[in-house]
Amino acid sequence: MFAARFWGSFATAIVLLPSIAQACDDCAKCKGTGWCTKTVQVPCTVMKTVTETCYREEQRVETVLVPKTINVEKEIPYEYNALVCVEKVDEQVIEVKTPKFRWVEQEYEIMVPAKDTVTKVRKRTECVPVVEQQTCIEDQGCWKIEMVATASCGGCKCTEKKVWCPNPVEVTKDVTVMKEVCVEEPYTCEVDIMVPYKKTRKVKEYFTKTETKTIKHPYKTMEYRKKTKMVKACIPECVQVEQERTITVKVPYTVEKEVPCTVMKTVEQSCACSCGCGV
């Protein structure tokens, strides 16, 4: 469309040329022709090849280090307590007491039966619905088409067969269960109680005259003393072992395709001379 408009305007300029300007012999631009040439930028659409990066999933087996606990037999120091005979002297302070008494008034209580109204609480069990989260294994696999061999084709894999590929996934779901709940209910009842009743009586109050005396007792006893010896023991140690596991990775690959692109093209265009010699 742009090219059609350009060449249409160019043809109009050529038709109108005799009426616009007259060529002169002294013009250095048009050299006596009355037309000059200039360079312009014209947009045009071209097909361009571009490279696009895409990804595909691949199964790969990688080796990882997994911690493992093993028992290693080593000699370690063992501290224990052993009985040792020790001579000691026990200093005992004794008290010599002489008993005496005097009459004193003593206030005491006796329990008298009575009635009382009390509020008690009794418990009963009710089942109420409770929403809990439970973890279960859900198969989120898919059907895949595989090529298998049949007896009629001589053992070559040329028959399609739909095979289920399991994918167990651990999911958490809300489950409503009935749980027993203990409910407390208050109630009022009359009970038999014992009420204290105060009385006074005369009793003997004993007291003593105390004297102290120190007595020494030599003796032998067995006491524990700490000792150390080397013993063999299995010590757990953590080591790294290799383990293979299958992982899914995304592998990039490139795809070439052609897309339309607008570029500026340099062309030469003829136009009327602007020297004014034909005016």
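This is a guided tour of selected residues in the structure above, arranged as a series of selections.

The model is predicted, so that local features need pLDDT of at least 70 and side-chain atom pairs count only at pLDDT 80 or more, while totals for chains, interfaces and linings use all residues. Residues are numbered from 1 along each chain as its sequence is written, and side-chain values use heavy atoms, with hydrogens and water left out.

**E223 and its surroundings**

Begin by selecting E223, which is found in strand β4, residues 168-272; strands here are DSSP runs of E with at least two residues, numbered from the N terminus. E223 is buried, at a relative accessible area of 17%, where buried means under 20%, exposed over 50% and partly exposed in between, with a 1.4 Å probe and protein chains only. Show the side chains of E223 and R225, and a polar contact of 2.9 Å appears between them (a pair of N or O atoms within 3.5 Å; within protein, one must be able to donate a hydrogen and the other to accept it, and residues adjacent in sequence count only if both atoms are side-chain atoms). Setting aside neighbours within four places in sequence, E223 is in contact with A82, L83, V84, V86 and K88, contact being heavy atoms within 4.5 Å.

Add M222, which also lies in strand β4 and is partly exposed, with a relative accessible area of 47%.

**R201 and the residues it touches**

Move next to R201, another residue in strand β4, which is partly exposed at 40% relative accessible area. With neighbours within four places in sequence left aside, its contacts are V104, E105, Q106 and Y108; a C-alpha to C-alpha distance drawn from R201 to V104 gives 8.4 Å, although the two are 97 residues apart in sequence.

**Aromatic pairs**

The count of aromatic pairs comes to three, a pair being rings of Phe, Tyr and Trp (its six-membered ring) with centres within 6.5 Å, called stacked if the planes are under 30 degrees apart, edge-to-face if over 60 and tilted for the rest. Select F101 and Y206, whose ring centres are 5.7 Å apart and whose planes are at 50 degrees, so the pair is tilted. This pair links distant parts of the chain, with F101 in strand β1 (residues 35-139) and Y206 in strand β4, 105 residues apart. F101 is partly exposed at 42% relative accessible area, whereas Y206 counts as exposed at 58%. Then select W143 and W164, an edge-to-face pair with 5.1 Å from centre to centre and 65 degrees between the planes. Here too distant parts of the chain are linked, W143 lying in strand β2 (residues 142-149) and W164 in strand β3 (residues 157-165), 21 residues apart.

**Salt bridges**

Salt bridges number 17, each being a side-chain nitrogen of Lys or Arg within 4 Å of a carboxyl oxygen of Asp or Glu. One of them joins E58 to R60, with the closest N and O atoms 3.9 Å apart. Select R122 and E185 for another, in which the closest N and O atoms are 4.0 Å apart; this pair links distant parts of the chain, R122 in strand β1 and E185 in strand β4, 63 residues apart. Finally, select R124 and E126, where the closest N and O atoms of the salt bridge are 2.3 Å apart. Keep R122, R124, E126 and E185 displayed together, since salt bridges that share partners join these four residues into one network.

Terms used: Helix = DSSP H or I, 4+ residues; strand = E, 2+ residues; numbered from the N terminus.
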